Amino acid sequence: KNGDKLFSKNIELTEVEAAIYQAYKNKPTQEEEIKMLFRLTEYRNNQIQNAVQSHRVFSLSEDWDQILLWSHYADNHSGVCLGYERSEGSLLSSNMCRPVRYRKRYLRYDHSDYLNFPERNSTNSGPWQDGFNIITNALFTKSEDWFYEKEWRLVQRLLIFDKSVGFNLEIDAPLRCVVFGCMTPKEDKEYVQSTLGDSVRYFQAWKSKEHHTLDIYPLEE
């Protein structure tokens with residue numbers, strides 16, 4: 001019975017899982033059962049890890065004036081911030097663009113969660129992207145220490161043949177504005193403006209005189 005709880009008739013067992021399942025039928029000793037459970041857990045953990053790593057993540061934020069974001073991700077205030085509109089029908093309005101959930105503790109799963117893993121279970125209703133499951137929880141969960149980022153993530157699945165470390169993601173949402181950092185070089189500003197022209201609004205970030213934050217003003221001011 002213990003072995004039956006680790007498997008399901010609704011999913012096709014892999015060679016490793018089938019061998020362990022067959023061993024349970026032969027009434028293993030307690031020591032053998034512990035070894036088999038460890039082997040099965042390790043195997044399934046690897047399967048989940050591989051599934052997570054087959055996706056790419058594009059990170060965004062709700063804030064444009066968070067001073068740490070500029071320090072960490074914009075070359076210490078010398079970069080730029082791009083502002084997109086979440087237009088209807090675009091990738092940014094899809095079910096795979098969501099706010100990150102921040103947690104204090106690690107997420108934990110058991111074998112029943114794995115058996116309900118939509119990517120493995122053909123009888124599970126709806127695509128795996130819907131709701132929260134092993135994969136979406138892993139991709140959209142982060143330590144609460146990063147709460148200040150107010151991060152959103154756009155997640156896309158990699159093609160089987162795509163082995164590249166980096167990638168170019170074409171965002172189909174309109175680019176509405178560009179914010180220049182406090183230390184963005186003049187030549188970089190001129191390059192961005194000459195490239196984008198009047199298609200977007202331009203803003204300038206300044207260190208606030210009163211708070212540990214940034215003040216954002218239209219560039220023309």
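This dialogue goes through aromatic pairs, charges over rings, cysteines and one helix.

Biologist: What kind of model is this?

Modeller: It is a predicted model, in which local features need pLDDT of at least 70 and side-chain atom pairs count only at pLDDT 80 or more, while totals for chains, interfaces and linings use all residues. Residues are numbered from 1 along each chain as its sequence is written, and side-chain values use heavy atoms, with hydrogens and water left out.

Biologist: How many aromatic pairs are there?

Modeller: Rings of Phe, Tyr and Trp (its six-membered ring) pair if their centres lie within 6.5 Å; planes under 30 degrees apart are stacked, over 60 edge-to-face, and the rest tilted. That rule gives 6 aromatic pairs. One of them joins F7 and Y21: the centres are 4.9 Å apart and the planes at 65°, so this pair is edge-to-face. F7 lies in the segment before α1 (15–25) and Y21 in helix α1, so the pair ties together parts 14 residues apart in sequence. Helices (H or I, at least four residues) and strands (E, at least two) are DSSP runs, numbered from the N terminus. F7, Y21 and Y24 form one aromatic cluster.

Biologist: Is F7 buried or exposed?

Modeller: Buried means under 20% relative accessible area, exposed over 50%, and partly exposed in between (1.4 Å probe, protein chains only). F7 has 8%, so it is buried, whereas Y21, with 23%, is partly exposed.

Biologist: Which residues of α1 are buried?

Modeller: E17, I20 and Y24 are buried in α1. Seen down the helix axis, these buried residues fall within an arc of 65° (taken from the directions from the axis to the C-beta atoms), so they line one face of α1. The face turned away from the buried side carries the exposed residues E15 and K25. Just after α1, K27 takes a positive phi of about 50°.

Biologist: Which charged end sits over the ring of F140?

Modeller: A charge sits over a ring if NZ of Lys or CZ of Arg is within 6 Å of the ring centre and within 35 degrees of the ring normal. The charged end of R98 is over F140, 5.0 Å from the ring centre. K142 has its charged end over the ring of W146, 5.1 Å from the centre.

Biologist: How many disulfides does the structure hold?

Modeller: A disulfide is a covalent bond between the sulfur atoms of two cysteines. Here the test is a pair of cysteine sulfur atoms within 2.5 Å, and the structure holds 0 disulfides. For C81, the nearest cysteine sulfur is that of C177, 6.5 Å away.
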